[in-house]
Amino acid sequence: MSLVTLKEVLENARSKKCAVGNFDVFNLEMLRGVMEAAEESRSPVILAYAEPFEAFADIRHYAKLLLSYAEQASVPVVLHSDHSVSLEEIQRVLDNGFTSVMIDASDKSFEENVEITRKVVEMARPYGASVESEIGHVSGLNTLFENDCNVFTDPQSAKKFAEETEIDALAVSIGNVHGVYQKAPDIQFGLLEELNTTVPIPLVLHGASGICDEDMVQMVKGGIAKVNYYTDLCLAASECMKQQEGKHYLDTSQKIVEAIKKVVLEKMLLLKES
Ligand SMILES: [Zn+2]
């Protein structure tokens with residue numbers, strides 16, 4: 001069985017000084033594209049499911065599909081929830097066989113964030129699942145958060161947060177944002193270096209779509225062990241649909257799988273080579 005926890009794949013990535021790709025997938029085309037790329041590049045993979053996807057892919061049915069792909073895979077696969085903001089969602093994904101969860105209370109005060117994250121760690125333990133949380137705030141999710149301003153991660157707070165919550169991975173804000181970058185991202189490499197030496201657990205980069213290859217390689221070398229992609233997958237699918245205008249849906253569906261596979265494969269090879 002190739003279904004594994006986030007903790008397992010990130011420890012392995014850290015020891016090899018490379019990173020594992022996290023890809024948010026809400027349908028079969030995305031799932032197939034990601035899994036075909038993982039098999040072809042022999043890469044471990046994190047399949048992520050975000051709370052807003054509930055409207056498109058009911059977790060009670062969709063989790064079975066994700067689990068089936070994970071169990072048949074020849075590479076390690078993590079089933080992970082991305083940016084869960086409610087404990088109900090955390091419980092739902094754990095009950096549906098996920099091996100990892102992310103709780104995002106990064107818009108709350110330090111104390112509240114610790115309290116909510118601790119609760120999630122306690123919920124995940126009986127399932128043997130891993131937990132990721134965020135401190136500082138990576139903006140660009142204004143549908144989830146009222147106050148969505150980018151706040152860099154402070155190294156000392158991050159260290160304290162990791163120790164008090166006992167999480168397995170920490171999402172950091174170092175100039176990265178979610179969605180399409182309006183101007184070239186200004187990654188704070190000095191801050192990353194400080195975080196990497198201060199924080200004892202693997203670091204996670206959200207909003208990786210749109211970051212150039214050179215910066216990404218440097219960040220992986222600098223301690224990023226998990227890299228989240230979503231926007232690039234959506235852009236590849238949308239571009240493909242434009243080119244397929246007037247074609248039969250069956251043909252278009254296959255082309256979308258291929259377009260997503262292509263972009264994911266590029267990311268996986270980049271993370272491996274870093
Ligand atoms: Zn994110």
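Which residues form one aromatic cluster? In this predicted model, the cluster is made up of Phe 26, Tyr 49, Phe 53, Phe 56, Tyr 62, Phe 98 and Tyr 230. The points below take up the aromatic pairs around Tyr 49, then the zinc site, and finally helix H9.

**Aromatic pairs**

- The count of aromatic pairs comes to 8, and one of them joins Tyr 49 and Tyr 62 in a tilted arrangement, with 5.8 Å from centre to centre and 40° between the planes.
- Because Tyr 49 belongs to strand S2 (residues 45-50) while Tyr 62 belongs to helix H3 (residues 59-72), this pair ties together parts of the chain that are 13 residues apart in sequence.
- Tyr 49 and Tyr 62 are both buried, and for Tyr 49 the relative accessibility is 0%, which is why this residue counts as buried.
- Tyr 49 also pairs with Phe 98, here in an edge-to-face arrangement with 6.2 Å from centre to centre and 75° between the planes.
- This second pair links distant parts of the chain, since Tyr 49 sits in strand S2 and Phe 98 in the loop between helix H4 (87-95) and strand S4 (100-103), 49 residues apart.
- Phe 98 has a relative accessible area of 2%, and is therefore buried, the cut-off being under 20%.

**Zinc site**

- The zinc ion has as its protein donors His 83 through NE2, His 178 through NE2 and His 206 through ND1, lying 2.0 Å from the ion.
- Along the sequence, these donor residues follow the spacing H-x94-H-x27-H.
- His 83 and His 178 link distant parts of the chain: His 83 is in strand S3 (residues 77-84), whereas His 178 is in the loop between strand S6 (169-172) and helix H7 (189-198), and the two are 95 residues apart.
- Both of these residues, His 83 and His 178, are buried.

**Helix H9**

- Helix H9 (residues 231-243) has 13 residues and should span 18 Å at 1.5 Å a residue, because the expected span takes one less than the number of residues; the C-alpha atoms at the ends of H9 are 19 Å apart, which agrees with that expectation.
- The buried residues of H9 are Thr 231, Asp 232, Leu 233, Ala 236, Ala 237 and Cys 240.
- These buried residues of H9 pack against two strands, S1 (20-24) and S8 (224-229), and against two helices, H2 (28-41) and H10 (249-273).

Note on methods: Residues numbered from 1 in each chain as written. Predicted model: local features only at pLDDT ≥ 70, side-chain atom pairs only at ≥ 80, totals over all residues. Heavy atoms only, no water. Helix = DSSP H or I, 4+ residues; strand = E, 2+ residues; numbered from the N terminus. Buried < 20%, exposed > 50% of the residue type's maximum accessible area, 1.4 Å probe, protein only. Contact = heavy atoms within 4.5 Å. Donors = N, O, S within 2.8 Å, 3.2 Å for Na, K, Ca; no water. Phe/Tyr/Trp six-rings, centres within 6.5 Å; stacked < 30°, edge-to-face > 60°.
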